[in-house]
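Please open the model in your viewer and keep the sequence panel beside it, so that each selection can be followed in both places. The tour goes from the whole chain to single helices, then to pairs of helices, and ends with a few single residues.

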Amino acid sequence: MNPVFAALMIPFLGTALGSAFVFFMKRDMPPLVQKVLLGFASGVMVAASVWSLIMPAIGMGEGSTAVVPPLIGLLGGFAFLLLIDYITPHIHVSGEAEGPKSRLSRTAKLALAVTIHNFPEGMAVGVAIAGALTADFNMAAALALSLGIALQNVPEGAVISMPLRAEGNSRLKAFGIGAFSGIVEPLGGALVLLMATSILGIMPYLLSFAAGAMLYVVVEELIPEYSQGRHSNIGTIGFALGFALMMALDVVLA
C-alpha cells in the first residue's frame, strides 16, 4: 500500500473501528471503561503533539529564534479551536451544550463536535506527510503520528457511537454517524498535501499549529470528561499508558 495513502486513511479507520463497538457492547458504556479510553486518547495526543509535531518544528529552526515559529503556531492552533468552539453549536461527550443556540438535534451537535475536532488531526497528518515529501522529515514519523491519532480515535469513535445508541438510534445509524465523523481527517490531510509545494517555508508554523489544535481538544474535551466523578485516577492511568505507547512508537518508527 502507498505509504502516503495509508497515513491519510489510518486515522479514519481508527474512528470506524471505535464506532463499531456499538455492535457488540451494551447501550451504555461503563463509566470506568470510558474514563480509561478518554485518558488513553489524551495521552496519545499529548505525546504525538510533542514528539511528532512540536519537536520537529523546533528542529527546523536555528539558534535561539528556532522556538518563535513553533510558539506562534502553537498559540494559533489553540486560538483557532477556541474560536470554532465559540461560534459552532456542539455538545460535549458528557452531554453539555456549548456555542450559540441552534435548532440542530442533539445527535447532529454531537457529531458536529467530533467532526470539528477531527479536521485539525487530519491536517496534522497531512503536514507531517508534506514534511516527509518536501523537507527533512521522516515518513516513518508521519506514519507513527497517523497511527497514534488512529489509536486515540478508537475510544473517541466508541464514546460517540455509544451515546447515540443510548439516545435511541439504531446500531447501524450510530455506527454510521460515528464513523463518518472521521472522514474529515483524510480530507484535511489531502487538502494540506495539495498545498505542499507552497507551505515549505511555513512548515514549523503548521506543525505546531496542528499540535496546538490537538492539545486544545485534550485540555477542553478529554481531560475534563475523565476527571469528573469517582475513580478519576483510572483516567490518569489511561493517560500514562497512552503517552508511553505513543512516545515509544515515535522513537521506534522514526
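## The whole chain

Read along the sequence, the elements of this chain follow the pattern α-α-α-β-β-α-α-α-α-α-α, and, as you colour them, please keep in mind that this is a predicted model. In total you should find nine helices and two strands. If you next colour by burial, buried residues make up 51% of the 254 residues in the chain. Contacts tell you about the fold as well: among those with a separation of 6 or more, 83% are between residues 24 or more positions apart.

## Stop one: helix α3

Select residues 68-87, which form helix α3, and check the length of the helix before looking at its sides. At 1.5 Å a residue, its 20 residues should span 28 Å, and the C-alpha atoms at its ends are 29 Å apart, which agrees.

Now show the side chains: P69, P70, G73, L74, G77, L81, I84 and D85 are the buried residues of α3. Around the axis they cover an arc of only 140 degrees, which puts them on the same side of α3. Turn the helix to its other side, and there you will meet L75, L82 and Y86, which are exposed. A general point helps in reading such a pattern: an α-helix has 3.6 residues a turn, so residues three or four places apart point the same way.

Stay in α3 and select P69, which lies in this helix. Is P69 buried or exposed? With a relative accessible area of 17%, P69 is buried, because buried means under 20%. Leaving aside neighbours within four places in sequence, P69 is in contact with P204, Y205 and S208. Of these, Y205 is 136 residues away from P69 along the chain, yet their C-alpha atoms are separated by 5.3 Å.

## Stop two: helix α6

Move on to residues 171-180, helix α6, where the buried residues are A174, G178 and A179. If you look down the axis of α6, these residues fall within an arc of 120 degrees, so they line one face of the helix. On the other side of α6 you will find L172 and F180, which are exposed. What do the buried residues of α6 pack against? They pack against α1 and against α5, which covers residues 139-166.

## Stop three: α1 with its partners

Keep α5 on display and add helix α1, residues 3-19, for a look at how two helices can lie against each other. The axes of α1 and α5 come within 5 Å and cross at roughly 20 degrees, and α1 and α5 are therefore roughly parallel to each other. Their crossing is right-handed. Many residues make this contact, including V4, A7, I10, P11 and G14 on the α1 side, and L143, L147, A150, V154 and A158 on the α5 side.

Then hide α5 and show helix α7, residues 184-194. Here the axes of α1 and α7 come within 8 Å and cross at roughly 155 degrees, and the two helices are therefore roughly antiparallel to each other. α1 passes α7 in a right-handed crossing. The contact is made by V4, L8, M9, P11, F12 and T15 of α1, together with E185, P186, G189, A190 and L193 of α7.

## Stop four: two single residues

Select V184, which lies in helix α7. At 15% relative accessibility, V184 counts as buried. Apart from its neighbours within four places in sequence, V184 is in contact with T115, N118 and F119. You can also draw a line from the C-alpha atom of V184 to that of M123, which are separated by 9.3 Å although the residues are 61 residues apart along the chain.

Finally, select V218, whose place is in helix α8, residues 203-227. V218 is buried, with a relative accessible area of 1%. Which residues does V218 touch, not counting those up to four places away in sequence? V218 touches S42, M45, V46, I223 and P224. As a last distance, draw the line from V218 to L38: these residues are 180 residues apart in sequence and 9.2 Å apart in space, C-alpha to C-alpha.

Conventions: Residues numbered from 1 in each chain as written. Predicted model: local features only at pLDDT ≥ 70, side-chain atom pairs only at ≥ 80, totals over all residues. Heavy atoms only, no water. Helix = DSSP H or I, 4+ residues; strand = E, 2+ residues; numbered from the N terminus. Expected span 1.5 Å × (residues − 1). Buried < 20%, exposed > 50% of the residue type's maximum accessible area, 1.4 Å probe, protein only. Arc of directions from axis to C-beta. Axes fitted to C-alpha atoms, helices over the stretch in contact; angles between N-to-C directions. Parallel < 35°, antiparallel > 145°, perpendicular 65-115°, else oblique. Left-handed = near helix turned anticlockwise from the far one by under 90°. Contact = heavy atoms within 4.5 Å.
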